[in-house]
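Let's take a friendly walk through a protein model. Keep the picture open as you read, and look for each part as it comes up.

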Amino acid sequence: SSDLSLFHSRLAFVSVRHAFRLPEMARSLRKRRNAKVNSRKVKEKTVQRKHFNTKQIRDKELRKRFDTSKTLKQNLEATNLKDMYKDVLPKKIPKKAAHPLKVNEDEAPICEKLSRKHGDNYDKMHWDIKTNIFQWTRRECEKKVKAYQAGKVRSMAAEILSGHGMDMRKPLYGAAKDRNVFGH
């Protein structure tokens, strides 16, 4: 039992020594000589330019109203965008979107299956992972199915011409049609 108590007292001493790190020996001469010295001088804070160069302003209207005696922040706070751009801004905000959503040839069969299977229940469409292979959200399902039902289907050629196309996935013309895009 005395051996056991001696063991426990030594164990306690070792754990205390590791908990409170005792000062280590001084560095060797070689380590001190090879240690990197911070040679970069401490610079004073760089002062921001108070005034802004008006030649850098591209907008003619803003350049014309810019006061060089004020700072950039003061100038921007003083400008009234409604007054500056009243002839450019629309008089009335349009109700319909400028670019309505269209369904392409890849999405059309999926929209048809989803609407046939679930009707108008867009939550069920969202959770149907076998049919909804693109993993559309509830809102995306709603938008795409409504567009499909309204007949807003877009051909692949129109898709490519518009620049939003999937020509890398499904090229229509020339040698690219036979090419294996993924390199398998």
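## A residue to start with

Where does D128 lie? You will find D128 in the loop between α7 and α8. What you are looking at is a predicted model, so treat every position as computed.

Is D128 buried or exposed? Its relative accessibility is 10%, and because buried means under 20%, D128 counts as buried. If we skip the neighbours within four places in sequence, D128 is in contact with L114, K117 and H118. Two of the residues to remember here are L114 and H118, which are also among the buried residues of α6.

## The whole chain

Now step back. The protein chain has nine helices and two strands. Starting at the N terminus, the order of the elements is α-α-α-α-α-β-α-α-α-β-α.

The chain has 184 residues, and buried residues make up 17% of them. Among contacts with a separation of 6 or more, 38% join residues 24 or more positions apart.

## Two sides of helix α6

Helix α6 covers residues 108-118. Which of its residues are buried? They are A108, I110, C111, L114, S115 and H118. These residues cover an arc of only 160° around the axis, and therefore sit on the same side of α6. Turn to the other side of α6 and you meet R116 and K117, which are exposed.

What covers the buried residues of α6? The cover includes β1 (103-104), α7 (122-127), α8 and β2 (153-154). Just after α6 comes G119, with a positive phi of about 70°.

## Where α6 meets α8

Helix α8 spans residues 138-149. The axes of α6 and α8 are 9 Å apart, and the two helices pack at an angle of about 100°. Angles of 65 to 115 degrees count as roughly perpendicular, so that is the word for α6 and α8.

From α6, the residues taking part are A108, C111, E112 and S115, and they meet K144, V145, Y148 and Q149 in α8. The residues of this contact divide into four nonpolar, two polar and two charged.

## The nonpolar core

In soluble globular proteins, nonpolar side chains tend to be buried together. Here, the largest nonpolar core has 11 residues: V103, A108, I110, C111, L114, Y122, M125, W136, C141, V145 and A147. Which elements give two or more residues to this core? They are α6, α7 and α8, and α6 gives the most, with four residues.

V103 is a good member of the core to click on. Leaving out neighbours within four places in sequence, V103 is in contact with A108, C111, K144, A147, Y148, K152, V153 and R154.

## Two more stops

Go back to the loop between α7 and α8, where Q135 has its place. Is Q135 buried or exposed? Q135 is exposed, because its relative accessible area is 64% and the cut-off for exposed is over 50%. Most residues other than glycine have a negative phi. Q135, however, is a residue other than glycine with a positive phi, near 55°.

Finally, visit L62 in helix α3 (residues 60-65). L62 touches I57, T79 and M84, not counting residues up to four places away in sequence. N80 is 18 residues from L62 along the chain, and the C-alpha atoms of L62 and N80 are separated by 10.0 Å.

Technical notes:
Residues numbered from 1 in each chain as written. Predicted model: local features only at pLDDT ≥ 70, side-chain atom pairs only at ≥ 80, totals over all residues. Heavy atoms only, no water. Axes fitted to C-alpha atoms, helices over the stretch in contact; angles between N-to-C directions. Parallel < 35°, antiparallel > 145°, perpendicular 65-115°, else oblique. Contact = heavy atoms within 4.5 Å. Nonpolar A, V, L, I, M, F, W, Y, C, P; charged D, E, K, R; others polar. Buried < 20%, exposed > 50% of the residue type's maximum accessible area, 1.4 Å probe, protein only. Arc of directions from axis to C-beta. Core = buried A, V, L, I, M, F, W, Y, C linked by side-chain atoms within 4.5 Å.
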